[in-house]
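Please open the model in your viewer and keep the selection tool at hand. The tour goes from place to place, and at each stop it says what to select and what is found there.

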Amino acid sequence: MKSTLKTLVHTTVAAAALLGLAGAAHAEWPERAVTVIVPWSAGGGTDATARAVAADLEEKFGQPFNVVNRTGGGGLVGHSAIANAKADGYTIGVITIESTMYETQGLPGVNPDSYDYIGRYNADAIGINVQADAGYDGVQALIDDVKANPGKITASGANRGGLSHLAWAGLLNKLDIAPDASPWVASDGSAPALQQLAAGAIDVVSTSPAEARSLVEAGEVATLALIADERSPLFPDIPTTTEALDVQWSPMPFRGLAGPAGLPAETVEKLEAALQEICDDPDFQKFMSSRGFSVAYQDSATFKQTVYNDYEGLAETMKVLGLAK
C-alpha cells in the first residue's frame with residue numbers, strides 16, 4: 001500500500017512538473033522587458049521616432065520596451081546587433097535603408113536575409129531641388145537638360161555613395177542616362193549642399209523636401225519632384241518621378257521594425273498588429289508631422305518586399321557607379 005501511494009505521489013509530482021513546463025513553453029509573449037535597438041545616435045530622427053513607437057508598444061503590451069542606441073560604422077554596428085540577437089522576440093530594432101547597402105559596399109554581416117520584418121512606420125522620399133529661377137517648369141525639363149548637356153548639370157546632397165547620391169544617379173540610370181552626365185559634388189550633407197545651390201555653385205540637390213522647406217518658402221529653391229512612386233502626405237502638391245517620368249525607382253529612406261531571422265510567428269503577428277494601430281493613431285501622426293516625418297505604414301510582407309527591392313536597385317546603382325565591392 002505504501003509503495004502504491006509513493007508511486008502515485010511521484011506520478012502526480014512529475015505530471016505537475018510537466019504541466020508547468022508546458023505552461024512555460026506556451027507563455028504569452030511578452031513576459032518581460034523587450035530591448036529595441038536603434039542603430040543611430042540619441043536625439044536624431046530615428047531615435048526620436050523609435051522612442052515614440054516603443055512608448056506606445058509598452059502601453060499596449062504592459063512590459064517595458066527599452067530603447068538602446070548601438071551606434072558606429074554608419075549604422076552597421078546597430079543593424080548587426082539586431083540581426084545577431086537571440087530570435088526569441090525580446091530583442092528587436094529599428095532598421096533603416098542603410099541595411100540594404102552594406103553587403104554591396106563590401107561590409108559583411110547584414111543583408112535582407114538577416115531579418116524577420118515586422119512593419120514599416122515611416123518613409124520620406126528624396127526630393128529633386130533646383131534654384132527657383134533656374135527656368136525649369138518641371139522635372140522632365142531638368143532631365144532633358146542633363147541629356148542635352150552631359151557634364152554641365154552638377155548635383156550634390158551627400159558624400160559620394162550616400163543615399164542622396166544613389167537616388168539621383170539611380171534615377172538617371174533608370175532613364176538610360178549615364179550617371180556621370182550629372183557630375184556629383186560631394187558634400188557633408190544636405191544643409192551645405194542647399195546653401196551651395198542657393199548660391200548658384202551647383203545645379204541640383206537631392207534631399208528631403210523637409211530639409212529644403214525653409215529655402216523653398218524663402219523663394220530661393222524649388223522642389224521639382226520626389227523620387228518616389230507615391231505622393232507624400234506632407235507635401236501632396238509635389239509630383240513624383242513615377243508620375244512625371246514614367247519610371248519605377250523609389251529608394252525612400254525608411255524606418256521600420258524588424259528582428260533577427262527566426263522570430264516566433266506569433267510575436268511578429270502581435271507586433272505587426274500593434275504597429276498598425278500605432279500608425280493609425282492621430283496622436284502618433286501628429287507627433288510625426290511635428291517632426292517633419294510622414295507616417296507610411298507597411299505590413300510585414302510588404303515591408304519585406306520594399307527592403308528587397310531597395311537592396312536590388314541600390315546594388316545595381318552602386319555597380320554602375322563603381323562603388324560595389
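Is Glu-243 buried, partly exposed or exposed? Keep in mind as you look that the model is predicted, and select Glu-243, which at 45% relative accessibility counts as partly exposed.

**Stop 1: salt bridges**

Stay with Glu-243 and add Arg-231 to the selection, since the side chains of these two residues meet in a salt bridge, with 2.8 Å from N to O. Glu-243 belongs to helix 8 (residues 241-245), while Arg-231 lies in the loop between strand 8 (221-227) and helix 8, so the pair ties together parts that are 12 residues apart in sequence. Arg-231 is partly exposed, with a relative accessible area of 38%.

The count of salt bridges in the model comes to 6, and two others deserve a visit. Select Lys-60 and Glu-277, whose side chains meet in a salt bridge of 2.9 Å, N to O. This pair links distant parts of the chain, with Lys-60 in helix 2 and Glu-277 in helix 9 (residues 265-280), 217 residues apart. Lys-60 is partly exposed at a relative accessible area of 38%, and Glu-277 is partly exposed at 48%.

Next select Glu-316 together with Lys-174, where the salt bridge between the side chains is 3.8 Å, N to O. Here too distant parts of the chain are linked, because Glu-316 sits in helix 11 and Lys-174 in helix 5 (residues 163-174), 142 residues apart. Glu-316 counts as partly exposed at 35% relative accessibility, and Lys-174 counts as partly exposed at 33%.

**Stop 2: aromatic rings**

Now turn to the rings, for which the count comes to 9 aromatic pairs. Select Phe-254 and Phe-303, which form an edge-to-face pair with 5.3 Å from centre to centre and 85° between the planes. Phe-254 lies in strand 9 (residues 254-260) and Phe-303 in helix 11 (residues 300-320), so the pair ties together parts that are 49 residues apart in sequence. If you show the surface, you can check that Phe-254 is buried, with a relative accessible area of 2%, and that Phe-303, at 0% relative accessibility, counts as buried as well.

Which residues form one aromatic cluster? Select Trp-29, Phe-61, Phe-65 and Tyr-90 and you have that cluster on the screen. Keep Tyr-90 in view and add Arg-32, whose charged end sits over the ring of Tyr-90, 3.8 Å from its centre. Then select Arg-255 and Phe-293, where the charged end of Arg-255 sits over the ring of Phe-293, 4.5 Å from its centre.

**Stop 3: cavities**

How many cavities of 30 Å³ or more does the structure hold? There are 2 of them, and the way to find each is to select the residues of its lining.

For the largest cavity, select Asp-124, Ala-125, Pro-209, Ala-210, Ser-232, Phe-235 and Gly-292, which line it. The space in this largest cavity is about 40 Å³. If you colour the lining of the largest cavity by class, you should find 4 nonpolar, 2 polar and 1 charged residues.

For the second largest cavity, with a volume of about 30 Å³, select the lining residues Val-36, Ala-50, Val-53, Ala-54, Leu-57, Ile-92, Val-94 and Leu-257. Helix 2 (45-61) and strand 3 (91-96) are the elements that give two or more residues to this lining. Helix 2 supplies the largest share of the lining, 4 residues. When the lining of the second largest cavity is coloured by class, it divides into 8 nonpolar, no polar and no charged residues.

**Stop 4: a glycine in a loop**

Finally, select Gly-161, which is found in the loop between strand 6 (155-156) and helix 5. Is Gly-161 buried or exposed? At 11% relative accessibility, Gly-161 counts as buried. To end the tour, draw a distance from the C-alpha atom of Gly-161 to that of Arg-213, and the viewer should show a separation of 24 Å between these two residues, which are 52 residues apart along the chain.

Note on methods:
Residues numbered from 1 in each chain as written. Predicted model: local features only at pLDDT ≥ 70, side-chain atom pairs only at ≥ 80, totals over all residues. Heavy atoms only, no water. 1 Å grid on protein atoms, 1.4 Å probe; cavity = no way out; pocket = protein on both sides within 12 Å on 5 of 7 lines; lining within 4 Å. Points joined across faces, edges and corners; volume = space filled by probe spheres on them. Nonpolar A, V, L, I, M, F, W, Y, C, P; charged D, E, K, R; others polar. Phe/Tyr/Trp six-rings, centres within 6.5 Å; stacked < 30°, edge-to-face > 60°. Buried < 20%, exposed > 50% of the residue type's maximum accessible area, 1.4 Å probe, protein only. Lys NZ or Arg CZ within 6 Å of the ring centre and 35° of its normal. Salt bridge = Lys/Arg side-chain N within 4 Å of Asp/Glu carboxyl O.
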